[in-house]
Amino acid sequence: MVQSKLPNTSSSVFSSINKLIEESGAIDMAVGKTDFSCPQQLIDLATKYFNNGFNNYAPLEGVLPLRKAISDMVEKKYAQKFNPHTEITITAGTIQAIYTAISSIVKDDDEVIVFEPAFESFAPSIILNGGRPVYVKLKAPSFKIDWEELRKMVSSKTRMIILNSPHNPSGAVLSENDLFQLQRLTNGTNIIILSDEIFESIIFDNQVHQSIARHDKLVERSFIISSFGPLYNINGWGISYCLAPEKLMREFRKMQQIQIYNVNTPLQYALADYLPLNQNFEEVSELFQGKRNYFNRLLEGSLYDIVYAQGGYFQLLDYSKLSDEPDFAFAERLARDFGIGTTPASVFYHEKTNQSYLRVCFAKDNGKLEQAAEKLLQVPSMI
């Protein structure tokens, strides 16, 4: 007889969404798959390293040239130096990095603050390590942190706070004041910060990404996780990285060595060569901001209330003026009857209550954005 360690967790909801999209033939605006190509130079570099025999295990912490390139990039962006030998580790994707960071710190009965809506892997990772998620809701439609409410939720058992900026699914970003408030809140405590910053290079409207790396007092207590996937359209490569002070990184590496050990060797070397000369972060932001603006213009004047993303390539649509259906039912009807796949926002909450929001991915070519908008505009009001 098998007793589940996650009795309240089913298979990934994104598997169900993918299946629905396949069955219905709907346009996929649900999952974070971009329509843009990996740079040819990066492909050529990967091919070179495959052909030149770089096919054995990489070091546990990742190949040194890539760690050095990341160290230089972070110092250039945020004026913060991370030692490539002791404070940077390459990981097999973001979800693995998040789980490893949590498992290196969280113990039985520890509490971890999770802001909802939140990515589906956060809470299970906490529970598997004996911790208890403490949920704090971000208030729609701005999806900002209510710092007074957060202070009330912090207790002597609070071991970690998980942040995500730019935020998935809303596209909200943290401000400089948010990080100031975080520093005040955690000062003099043993609270560790886990900051998911995988969309750090995709920031809109002349804003600046407020990385934890900008603030020395927060760096001392933080794991910072980021990825090359959104930057170079290589999400499927599954290569991310973690930054942390040596005392935290030592524990992170202990966990990683019994979880995965090795990350794809030739792809690491390819990125190590490519990264120093290809840090066109403004161009990346401009591309996705243009996609956001174009898609939203196509929906102007409709009954959808648009939550404009401030970063990343997801945003929310409020359909409450069109229907009072639960978001799962509405998303299924959109896929089956109108040919467009979206993600119901309730999948990002631990209590599956109706949110009347759908997440859409706008990292698509203009033709697909036009088709998607046309299909969304065909939905008649049922109120």
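**Close-up views of a predicted model**

**View 1. The largest cavity draws on strand β5 for part of its wall.** The largest share of its lining, three residues, comes from strand β5 (residues 158-164). Strands here are DSSP runs of E, at least two residues long, and helices are runs of H or I, at least four residues long, both numbered from the N terminus. This is a predicted model, in which local features need pLDDT of at least 70 and side-chain atom pairs count only at pLDDT 80 or more, while totals for chains, interfaces and linings use all residues. Residues are numbered from 1 along each chain as its sequence is written, and side-chain values use heavy atoms, without hydrogens and water.

The cavity holds about 180 Å³ of space. In total, 19 residues line it; Leu138, Ile145, Asn164, His167 and Leu174 lie nearest its centre. A cavity is a set of points, on a 1 Å grid over the protein atoms alone, where a 1.4 Å probe fits but cannot get out; lining residues have an atom within 4 Å of a point. Grid points are joined across faces, edges and corners, and the volume is the space filled by probe spheres set on the points. The lining has 13 nonpolar, four polar and two charged residues. Ala, Val, Leu, Ile, Met, Phe, Trp, Tyr, Cys and Pro count as nonpolar; Asp, Glu, Lys and Arg count as charged; the others, Gly among them, count as polar.

**View 2. The second largest cavity has a volume of about 50 Å³.** Its lining residues are Met73, Lys77, Glu200, Ser201, Ser226, Ser227, Phe228, Leu231, Tyr241 and Phe281. Helix α3 and strand β7 (222-227) each supply at least two of them. Five lining residues are nonpolar, three are polar and two are charged. Across the whole structure, a search finds four cavities of 30 Å³ or more.

**View 3. Seven strands form an open, mixed sheet.** Their order is β2-β8-β7-β6-β5-β3-β4. β2 (88-91) and β4 (132-137) stand at the edges with a single partner strand each, so one side of each has no neighbour in the sheet. Neighbouring strands are turned by 20° against each other on average, direction ignored. Strands pair if DSSP finds at least two bridges between them. Strand β6 (residues 192-196) and β7 run parallel, joined by four bridges. Leucine 194 stands opposite phenylalanine 223 in β7.

**View 4. Helix α10 (residues 246-259) lies across β2, β6, β7 and β8.** It runs at about 25° to β2. Axes are lines fitted to C-alpha atoms, for helices over the stretch in contact, and angles run from 0 to 180 degrees between N-to-C directions. The axes of helix α4 (residues 94-105) and α10 come within 8 Å and cross at roughly 115°. This crossing is right-handed: the near helix is turned clockwise from the far one by less than a right angle, whereas anticlockwise would be left-handed. Among the α4 residues that meet α10 are Ala97, Tyr99 and Ile105. Contact means heavy atoms within 4.5 Å. By class, seven contact residues are nonpolar, six polar and one charged.

**View 5. Helix α3 (residues 64-78) meets helix α11 (residues 265-274).** Their axes come within 8 Å and cross at roughly 40°. The crossing is left-handed. Pro65, Leu66 and Ala69 of α3 touch Gln268, Tyr269, Leu271 and Ala272 of α11. Six of these residues are nonpolar, one is polar and none is charged.

Conventions:
1 Å grid on protein atoms, 1.4 Å probe; cavity = no way out; pocket = protein on both sides within 12 Å on 5 of 7 lines; lining within 4 Å.
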